[in-house]
Amino acid sequence: MARTDVIVLGAGIVGTSIAVHLAKRGLSVALIDRSGPGEGTSYGNAGIVEGNTLFPPAFPADWTELLRIALKRSPAVNYHAAHLLRIAPWLAAFYAASRPPRLIETMQLMRPLFAHAVAEHEALAADAGAGRYLSRRGWLKLYRTDKAFAAVAPELELAARLHIANVTLDCEAARALEPALTPVFRHAVHWTGAVAVTDPLALTRAYVARFADLGGLIFTGDARTLHRANPYWRVDTAAGPLDAGDVVIALGPWASDALDRLGVKLPLAVKRGYHRHFRAQGNATLSRPVLDVENGYVLAPMAQGIRVTTGVEFAPRDAVPTPVQLKHVLPAARELFELGEPVETEPWLGARPCFPDSRPVIGRSPRPRGLWLAVGHAHWGLTLGPATGRLIAEMMTGATPFCDPKPYGVERFRA
Ligand SMILES: Cc1cc2nc3c(=O)[nH]c(=O)nc-3n(C[C@H](O)[C@H](O)[C@H](O)COP(=O)(O)OP(=O)(O)OC[C@H]3O[C@@H](n4cnc5c(N)ncnc54)[C@H](O)[C@@H]3O)c2cc1C
């Protein structure tokens, strides 16, 4: 029977980063996915390593915004009505976690992870020879109205206190950085310390290649075959059954497919999101990701073209795609930047795995023995993958973790 110290289930950016960190610490590790590494949610994001993140997206406090969402007039959120009933407990918990004191608490609890995010990617990318996929020009948030810009003042004050680098710009100064942007906005904030990944799939593949160099094993297999074969865990792979003393669930939005079978229930919902690539018109270029705040989309320059990503859709993970948000934001996107022809015939659909308190679960499950969890990275899985990999590897090998892992423990859902 083939056996390793650890099996990591899911080869997205989170699982891959964990596998590399464990292998670097001398453990024998198998990384298992049912498809190619990095081809899940980690493929289609906006590519921003957002070390600058302070507050998570919150349930709207403002009735006008709530009404816009209810009437499907907000570009930020779409929903399948029947699904809202199904996830009502999750929405109630999300609402509770959106009260201002809870948002401040989340900001404080998540800060150690975000503060390490860029440095951990830089270190992993350098080690993997993948530095070319990281663009160190930060990202821009654009504000079309004075009102929207004024609303960001508290965040900027907090960023200054925490020494999170940013520069506020007027339209012309922002256009000096990005001349192809049309002057349809009034203000911008340049988060200069963030890093943009120009090809998230290639980056994950480079991390997988580094894992293989370190002696890591890569298998095709179905995580739903995970079961106890005492005293080990066993997974059926295309190369036969594989055993390990410890197993890490890093299955992103599919985590419950494996965990439900083990009787481990987590309050995990998905916020679906879409992207589509476009060619630029003529010589127009973009050198960093740009968020059009009031219109709720990102333009991200990628190896495949200009990637337009959407906000949040509350819908069942596997329901048919309903990319209405893309349709709604495209006129604003075309107004801001001259998009040419779409690259693909259909938009890409992904699902952000989210807990209601916007914190991931990183750590040991109280039961069954040897089960570890690294799921629920929500809007920041690309950002937090390498920091998560380091943290869980430190926990699993008995080293001193670089930050207190308690805020990310699964035990919080029992309280
Ligand atoms: C539109 C959009 C934009 C985003 N933008 C950003 C951004 O700019 N910055 C950022 O930090 N984050 C962003 N995110 C979030 C980020 O992409 C996710 O948080 C992250 O990719 C999650 O990574 P993961 O490794 O946990 O999951 P995944 O990448 O989904 O990996 C899970 C893996 O598990 C595998 N799997 C599933 N089921 C099984 C099974 N039964 N057996 C075996 N393997 C299985 C899948 O094939 C997959 O490879 C965005 C997300 C979306 C949708």
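The following exercises concern a predicted model of a protein with a ligand.

**Exercise 1. The shell around the ligand**

Task: Describe the residues of the shell around the ligand by class, and state which of them come nearest.

Solution:
- Step 1. Begin with the count: there are 34 residues around the ligand.
- Step 2. Sort these residues by class. The shell has 13 nonpolar, 15 polar and 6 charged residues.
- Step 3. Pick out the nearest ones, which are Asp33, Thr41, Ser42, Ala223 and Thr383.
- Step 4. Turn to the secondary structure. At least two shell residues come from each of helix 1 (13–24), strand 14 (269–280) and helix 12 (381–396). Helix 12 gives the most, with 3 residues.

**Exercise 2. Polar contacts of the ligand**

Task: Find what lies opposite the ligand oxygen atoms at aspartate 33, asparagine 45 and glycine 47.

Solution:
- Step 1. Recall the cut-off: a polar contact is a pair of N or O atoms within 3.5 Å.
- Step 2. Take aspartate 33. A polar atom of its side chain is 2.6 Å from a ligand oxygen atom.
- Step 3. Take asparagine 45. Here a side-chain N or O atom and an oxygen atom of the ligand are 3.1 Å apart.
- Step 4. Take glycine 47. In this case a backbone N or O atom lies 3.4 Å from an oxygen atom of the ligand.
- Step 5. Add the cover. On its own the ligand has 1,000 Å² of accessible area, and the protein covers 98% of it.

**Exercise 3. Cis peptide bonds**

Task: Locate proline 231 and proline 368, and describe the peptide bond that leads to each.

Solution:
- Step 1. Proline 231 sits in the loop between strand 11 (227–229) and strand 12 (232–237). The bond to proline 231 from asparagine 230 is cis, and its omega is near 10°.
- Step 2. Proline 368 sits in the loop between strand 21 (361–364) and strand 22 (371–375). The bond to proline 368 from arginine 367 is cis, and its omega is near -10°.

**Exercise 4. Positive phi**

Task: Are serine 358 and alanine 378 buried or exposed, and what is phi in each?

Solution:
- Step 1. Serine 358 lies in the loop between strand 20 (348–354) and strand 21. Its phi is near 60°, a positive value in a residue other than glycine.
- Step 2. Alanine 378 lies in the loop between strand 22 and helix 12. Its phi is near 50°, again positive in a residue other than glycine.
- Step 3. Apply the cut-off: buried means under 20% relative accessible area. Serine 358 has 6% relative accessibility, so serine 358 is buried. Alanine 378 has a relative accessible area of 10%, so alanine 378 is buried.

Methods: Residues are numbered from 1 along each chain as its sequence is written. This is a predicted model: local features need pLDDT of at least 70, side-chain atom pairs count only at pLDDT 80 or more; totals for chains, interfaces and linings use all residues. Side-chain values use heavy atoms; hydrogens and water are left out. A residue is near a molecule or strand if one of its heavy atoms lies within 4 Å of it. A polar contact is a pair of N or O atoms within 3.5 Å; within protein, one must be able to donate a hydrogen and the other to accept it, and residues adjacent in sequence count only if both atoms are side-chain atoms. Accessible areas come from the Shrake-Rupley method with a 1.4 Å probe; for residues, only the protein chains shown count as cover. Helices (H or I, at least four residues) and strands (E, at least two) are DSSP runs, numbered from the N terminus. Ala, Val, Leu, Ile, Met, Phe, Trp, Tyr, Cys and Pro count as nonpolar, Asp, Glu, Lys and Arg as charged, and the others, Gly among them, as polar. Buried means under 20% relative accessible area, exposed over 50%, partly exposed in between (1.4 Å probe, protein chains only).
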